[in-house]
Amino acid sequence: MPKSKRNRPVTLSKTKKKPGLERKGKVVAEIKDAVDKYSSAYVFTYDNMRNQKLKDLREQLKSSSRIFLAGKKVMQIALGRSAADEAKTGLHKLSKFLQGNSGLLFTNLPRDDVERMFREFEEHDFARTGSTAADTVELKEGPLEQFTHEMEPFLRKQGLPVRLNKGVVELVADHVVCEEGKPLSPEAAQILRLLGIQMATFRLYLVCRWSSDEFEAYKEGLMHLGADDSS
């Protein structure tokens with residue numbers, strides 16, 4: 001005899017929250033806490049993000065500041081998107097600048113110190129596939145003595161016209177690895193790394209600043225963000 005649908009057991013345990021929602025809720029709470037803890041807040045943007053370099057900067061600033069890189073909508077919700085729901089007076093003005101590659105810095109450091117730190121921050125690294133080449137790199141025909149003979153097959157797979165000549169890797173014709181202003185292919189990025197040529201520079205730019213008594217935007221940061229400060 002078929003079981004009645006009316007007699008099916010009903011689970012009374014609470015539905016578990018989705019991990020993503022819990023994580024977003026935690027970020028919102030942490031940002032709201034930072035609003036109360038720190039005297040000023042900045043939106044910043046960046047070129048060529050390097051996670052380890054950012055982690056080092058966070059460690060360097062942990063006694064005076066807090067950096068957030070989270071979903072833009074999550075950060076906007078925490079700050080407030082209008083005067084009606086902002087966490088503190090004027091704070092919602094930061095929200096419209098949270099677009100593209102951007103993050104939040106909360107700090108107790110003086111404005112001059114923050115501006116100098118961002119102006120001087122510069123970390124060089126190897127460029128990745130798809131990055132824009134900063135320079136044209138051309139290898140001239142002849143021996144490539146920086147490479148061992150075991151690397152010759154690998155170099156050929158990367159598109160280099162090479163051969164072994166008496167155990168020495170030799171370029172049989174001039175070869176352009178990359179051209180300035182053009183995207184790097186996977187092979188070009190690999191060759192540049194092997195050559196020790198670092199074309200990527202991780203930089204930070206201040207976009208705008210909020211404190212309890214003022215708000216200001218930075219033209220250079222706006223240019224990198226692609227934002228418009230007309231409103």
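Is N48 buried, exposed or partly exposed? In this predicted model, N48 is partly exposed, because its relative accessible area of 34% falls between the two cut-offs. Those cut-offs are under 20% for buried and over 50% for exposed. N48 sits in the loop between strand 1 (40-47) and helix 2 (51-61). Its backbone stands out too. N48 is not a glycine, yet its phi is positive, at about 55 degrees. Most residues other than glycine have a negative phi.

K166 also has a positive phi. The value is near 55 degrees, and K166 is likewise a residue other than glycine. K166 counts as exposed because its relative accessibility is 85%, and the cut-off for exposed is over 50%. The residue is found in the loop between strand 7 (162-165) and strand 8 (168-171). These two strands form a hairpin, with two residues between them. K166 belongs to the turn of that hairpin.

The hairpin is part of an open sheet. Three strands make up this sheet, in the order 6-8-7. Their pairing is antiparallel. Strand 6 (142-143) and strand 7 are the edge strands, and each of them pairs on one side only. Strand 7 is joined to strand 8 by four bridges. Within this pair, L164 has V169 of strand 8 as its bridge partner. Strand 6 is joined to strand 8 by two bridges. Here P143 stands opposite E170 in strand 8. Both pairs run antiparallel. In a regular strand, side chains alternate between the two faces of the sheet.

The largest pocket draws on other parts of the chain. It holds about 260 Å³ of space. Three elements each supply at least two residues of its lining: helix 4 (111-120), strand 10 (200-211) and helix 7 (219-225). Strand 10 gives the most, with four residues. The lining includes E115, F118 and R119. It also includes F121 and E122. Further along the sequence, R203, L204, Y205 and L206 line the pocket. Y218, E220 and G221 are lining residues as well. By class, six residues of the lining are nonpolar and five are charged. One is polar. Gly is counted among the polar residues, so G221 of the lining falls in that class.

Methods:
Residues numbered from 1 in each chain as written. Predicted model: local features only at pLDDT ≥ 70, side-chain atom pairs only at ≥ 80, totals over all residues. Heavy atoms only, no water. 1 Å grid on protein atoms, 1.4 Å probe; cavity = no way out; pocket = protein on both sides within 12 Å on 5 of 7 lines; lining within 4 Å. Points joined across faces, edges and corners; volume = space filled by probe spheres on them. Buried < 20%, exposed > 50% of the residue type's maximum accessible area, 1.4 Å probe, protein only. Pairing = 2+ DSSP bridges.
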